[in-house]
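Work through the exercises below with the sequence and the coordinates at hand. Each task is followed by a solution in steps.

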Amino acid sequence: PSVKRIPTTFCQYMDTPDRRVVDLAPDGVPEIPVLGRNKATKVRPGAVLHRHSDVMEFTFCRRGNLKFDCNGKVYGLLPGGIFFTRPRDAHRLRINSMGSVVEWIFFRPPKRGAGILGLSPDETDWLVGRLKSISVHLFDGTKVVGDAYEALFAALDRTDCGSAERRVRIRKGALDLLLAFADAGHRPPRKDSGTELRNLVER
């Protein structure tokens, strides 16, 4: 099938009770042009197969059973899981199943030698390198990932626009989230739960 190469801002920005898609650039984090949360109250069509022009995408599933296509393979995303794509990856969400809750960010890596989120250039290079070296598209999330998403949305909802507090809290939440992805993406995969269940049944 054909693959569309789409700009970072392909998502339509909005802020409703069911779907939030916001840009963190006005709050001092231009590296995250999209922070999203979707609570599917009905079945919605998925996306077309596409590549983002310059961002990594991290999708965290809180509830539901989702399927993604990526580079000719199908990945099932369950609660607690993370689906990860790089700019060159052709991917799409097949369908938004009713009742699913997902959160995601687009992360635009800076040029080598630049600093982000209050980090020095060499610290930034380490973090970006850690994210780029994630070798899988699907991996287990952690409580830290979920908490960092919550902190980012709380900063948006509970602080005044343009305030120093808001910028600090969003910057900290963004750094916590990226570190959590970097750590989770390099953890050893857990044992096959199907094998463990079969062993239990046999016993």
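The exercises that follow concern a predicted model.

**Exercise 1. Overall content**

Task: State how many helices and strands the protein has, and what share of its residues counts as buried.

Solution. Step 1: the secondary structure consists of four helices and 14 strands. Step 2: the protein has 203 residues, and 43% of them count as buried. Step 3: take the contacts between residues at least 6 apart in sequence; 72% of these join residues at least 24 apart.

**Exercise 2. The seven-stranded sheet**

Task: Give the strand order of the open sheet, identify its edge strands, and find the helix that packs on the sheet.

Solution. Step 1: the order is S2-S3-S4-S13-S7-S10-S14, with antiparallel pairing. Step 2: S2 (14-15) and S14 (138-140) each have a single partner strand, so each of these edge strands has one side without a neighbour in the sheet. Step 3: S14 runs antiparallel to S10 (residues 81-85), and three bridges join the two. Within this pair, Ile82 has Phe139 of S14 as its bridge partner. Step 4: the helix packed on the sheet is H3 (residues 164-184), which touches S7 (56-63), S10, S13 (101-107) and S14. The directions of H3 and S13 make an angle of about 100°.

**Exercise 3. Helix H2**

Task: Check the length of H2 against its expected span, then list its buried residues and what covers them.

Solution. Step 1: H2 covers residues 143-158, which is 16 residues. Step 2: at 1.5 Å a residue, counting one less than the number of residues, the helix should span 22 Å. Step 3: the end C-alpha atoms of H2 are 22 Å apart, so the model agrees with the expected value. Step 4: the buried residues of H2 are Val145, Gly146, Ala148, Tyr149, Leu152, Phe153, Ala154, Ala155 and Leu156. Step 5: their cover includes H3 and the strands S3 (19-22), S4 (34-39), S7, S10 and S13.

**Exercise 4. Strand S8 and its partners**

Task: Describe the burial of S8 and its pairing with S9 and S11.

Solution. Step 1: S8 spans residues 66-70, and four of its five residues are buried. Step 2: S8 pairs with S9 (residues 73-77) in the antiparallel sense over five bridges. One pair of bridge partners is Asp69 and Val74 of S9. Step 3: the two strands form a hairpin with two residues between them. In the turn, Asn71 has a positive phi of about 50°. Step 4: S8 is also joined to S11 (residues 91-93) by three bridges, again antiparallel. Here Phe68 stands opposite Leu93 of S11.

**Exercise 5. Cysteines and disulfides**

Task: Classify Cys70 and Cys161 as buried or exposed, and report how many disulfides the structure has.

Solution. Step 1: Cys70 has 1% relative accessibility. The cut-off for buried is under 20%, so Cys70 counts as buried. Step 2: Cys161 has 69% relative accessibility. Exposed requires over 50%, so Cys161 counts as exposed. Step 3: a search of the whole structure finds zero disulfides.

**Exercise 6. The surroundings of Ser53**

Task: Locate Ser53, classify its accessibility, and find its side-chain polar contact with Asp54.

Solution. Step 1: Ser53 lies in the loop between S6 (50-52) and S7. Step 2: the relative accessibility of Ser53 is 31%, so this residue counts as partly exposed. Step 3: the side chains of Ser53 and Asp54 make a polar contact at 3.3 Å. Step 4: Arg86 is 33 residues from Ser53 in sequence, while their C-alpha atoms are 9.5 Å apart in space.

How values were computed
Residues are numbered from 1 along each chain as its sequence is written. This is a predicted model: local features need pLDDT of at least 70, side-chain atom pairs count only at pLDDT 80 or more; totals for chains, interfaces and linings use all residues. Side-chain values use heavy atoms; hydrogens and water are left out. Two strands pair if DSSP finds at least two bridges between them. Contact means heavy atoms within 4.5 Å. Axes are lines fitted to C-alpha atoms, for helices over the stretch in contact, and angles run from 0 to 180 degrees between N-to-C directions. Buried means under 20% relative accessible area, exposed over 50%, partly exposed in between (1.4 Å probe, protein chains only). A polar contact is a pair of N or O atoms within 3.5 Å; within protein, one must be able to donate a hydrogen and the other to accept it, and residues adjacent in sequence count only if both atoms are side-chain atoms. A disulfide is a pair of cysteine sulfur atoms within 2.5 Å.
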